[in-house]
Amino acid sequence: MLTQIRQEKLITKPLGVWPAHIQLRTWQKRALQRWLERNGRDFLLVSTPGSGKTLAAAAITHQMLIEGQVDRIVVVCHTEHLCKQWADVLHQVGIDVEPRFQNGSGVEKWEDFHGIVITYQQVSTIPALYAKQCLDRRTLVIFDEIHHVGDDLAWGNRTREAFEPAEARLSLSGTPFRHDNCQIPFVTYEEGRSKADFIYSYPEALAEGICRPVYFLTINGRARWFSRDGSIVDAWLLEEMKRHHESERLLTILDTSGQWLPAVLKAADEKLSEIRRSGHPDAGALVIAIDQNHAKRIGKLLRRVTGSDPIVAISEDPGASEKIKQVAQGTQRFLVCVRMVSEGVDIPRLRVGVYATNITTELFLRQAVGRFVRMIDGLEEQSAGLFIPAVKPLVTYARQIKEERDHQLKQVFDPSRADQTSGNGSGSTDTGIFLPIESTHLVHDVIFDGSSFSPADLEYAERLKAEFNIPLSTPQLAVVLKRYAADQGLHVIRHDQAQANPAKGGGTVRSSRGRSSESQPFSLSLPDPSLPTYAYRDQFRKLTQKAVSKYGGLAGKRPWLVHQEWIDSGGSPSDDASVEDLERKFNWLRERIEEEQQKRRS
């Protein structure tokens with residue numbers, strides 16, 4: 001155990017006053033005040049990604065240095081790229097830190113720097129070095145995304161050993177919870193739950209216009225593959241199945257040789273073009289890949305699908321950090337990464353994302369969402385969209401993503417879920433060969449603000465937005481319409497939750513499909529009766545919405561009045577409609593359309 005007595009205060013690089021041109025946000029001022037009122041050496045600041053917790057930490061650091069409460073600072077990050085980013089931010093407020101400090105040097109240049117920025121890996125290699133430095137000089141330690149030190153038991157123990165002698169410790173996180181039973185060092189727990197000293201949530205940031213709203217486009221799909229257990233499996237993403245088959249199914253969907261990923265990348269490219277045309281000409285998109293080889297293949301696929309060259313930034317590339325910086329300042333359409341931008345990287349122009357990784361934890365999804373919430377001053381409409389596979393864990397987390405919650409430790413670690421984050425499904429006990437065969441895609445729904453909307457719902461909201469020049473994003477307007485409809489007892493926007501098991505389609509539903517397809521209304525094509533029930537139902541909803549628009553246009557009625565007319569005639573609300581209900585509604589709409597067309601002809 002180290003027993004060295006701290007030396008007298010050594011000469012430190014002078015620090016000027018806080019720059020007048022850098023103004024703290026209200027929540028950052030409150031966080032600073034709470035820090036000043038703290039009891040003890042440890043403080044956990046939880047702030048949603050994109051809200052500015054780095055600047056809040058800079059303000060705390062400046063206060064501690066300028067008042068002489070500490071002699072130096074140490075910032076600990078999980079990647080070298082973030083070390084440089086921290087150094088850049090701190091420099092803006094006059095604090096200089098060395099982001100290239102090496103364990104071998106052992107000595108800091110006190111006359112040039114107020115401290116150092118290092119990685120958790122560096123700390124785990126030689127914790128005694130950093131413990132001695134904390135004993136030599138009064139030190140403020142800032143842990144960036146502190147939950148990373150629970151990734152490995154050794155990391156946690158060595159981080160605790162290295163910085164136990166520190167004068168003060170500031171822990172930062174946007175996602176202060178873990179999915180195992182590893183406690184995070186220097187974080188207080190009460191009854192198994194982490195206790196933050198200050199919390200600034202995503203809903204607060206949205207309400208104050210600090211973060212963008214993010215909505216999810218969940219894309220269903222069908223996959224066929226040779227399983228490790230020797231079977232050939234054919235399944236849709238939403239079907240219930242064995243855990244090792246779930247892992248293989250997702251890997252098949254994400255395979256670059258299938259149909260699902262090219263279709264989703266094409267949709268993301270079209271969405272990006274739409275955003276660029278609507279007033280954000282340099283908007284960008286991010287694709288998060290499974291691993292480095294997968295990222296390379298996605299890069300080639302993007303060139304083929306979109307016709308443009310993406311930036312592929314992976315850790316094996318020594319110029320990856322420079323590429324990310326180039327994207328942040330440039331106008332390139334697509335950036336492909338694995339984990340390098342999962343946390344901390346600031347690229348505000350990212351407006352579209354494709355979640356093409358097989359990691360299905362809430363933690364990683366939240367980190368991914370954090371890459372799209374950063375605002376740009378002067379840009380009127382800034383919502384962002386993230387395409388995700390329609391697998392149950394991701395859909396569930398997407399619905400809950402706006403809720404803030406504390407970290408709760410699990411009492412028992414369940415090893416059966418270990419293969420869920422594996423890049424190759426190695427957690428399976430099967431010894432056979434897994435081989436993707438093919439995949440297809442199907443739009444499922446869009447999740448925003450805790451609710452889900454079908455593509456037809458958003459098409460309707462988009463038309464209203466354009467017609468009345470409403471200053472809201474399309475998903476925001478869809479939420480308003482849904483809430484208005486609920487308040488008025490109307491059924492304007494449908495709340496699709498098509499979770500039916502395709503394997504349980506049922507013969508009675510399929511027999512009714514034949515009756516609906518006997519006559520073709522106007523020029524719309526009926527859904528394919530061979531589709532799974534939930535897919536058929538979703539497509540029929542979209543078809544019915546088009547019929548509603550057609551009838552409303554002919555009769556001079558708003559769509560919500562058409563829906564209400566159907567309900568008044570004894571029809572079922574769309575939220576509660578079965579396939580048969582939808583078919584009856586469609587036939588009713590077809591008759592109304594024919595009546596209106598006959599009136600016009602006569």
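**A tour from a surface patch to the core**

Start on the surface of this predicted model: select F226, I232 and L435, which form a nonpolar patch with about 270 Å² of accessible area together. Stay on I232, which is found in strand β11, residues 232-236. I232 has a relative accessible area of 51% and counts as exposed, because exposed means over 50%.

Next, select helix α2, residues 53-66. Its 14 residues should span 20 Å at 1.5 Å a residue, and the end C-alpha atoms are indeed 20 Å apart. Ten of the 14 residues are buried, so α2 is largely enclosed by the rest of the structure. To see them, colour K53, A56, A57, A58, A59, I60, T61, H62, M64 and L65.

Which elements do the buried residues of α2 pack against? Show the helices α1 (26-36) and α3 (80-92), then the strands β1 (42-47), β2 (72-77), β5 (139-143) and β6 (168-173); the buried residues of α2 pack against these. Just after α2, stop at G68, which takes a positive phi of about 75°.

Now select L45. Leaving aside residues up to four places away in sequence, L45 touches W27, A31, K53, A56, L170, S171, L172, S173 and F198. Two of these contacts, K53 and A56, are among the buried residues of α2.

L45 also belongs to the largest nonpolar core, which has 104 residues. Add W86, L170, V287, I298 and Y355: together with L45, they touch the most other members of that core. Another core lies apart from this one and has 24 residues. To find it, select I116, I118, V123 and F143, which are among its members.

Conventions: Residues numbered from 1 in each chain as written. Predicted model: local features only at pLDDT ≥ 70, side-chain atom pairs only at ≥ 80, totals over all residues. Heavy atoms only, no water. Helix = DSSP H or I, 4+ residues; strand = E, 2+ residues; numbered from the N terminus. Expected span 1.5 Å × (residues − 1). Buried < 20%, exposed > 50% of the residue type's maximum accessible area, 1.4 Å probe, protein only. Contact = heavy atoms within 4.5 Å. Core = buried A, V, L, I, M, F, W, Y, C linked by side-chain atoms within 4.5 Å. Patch = residues over 30% accessible without salt bridge, like charges linked within 9 Å, V, L, I, M, F, W, Y side chains within 5 Å. Areas by Shrake-Rupley, 256 points an atom, 1.4 Å probe, with all protein chains shown as cover. Salt bridge = Lys/Arg side-chain N within 4 Å of Asp/Glu carboxyl O.
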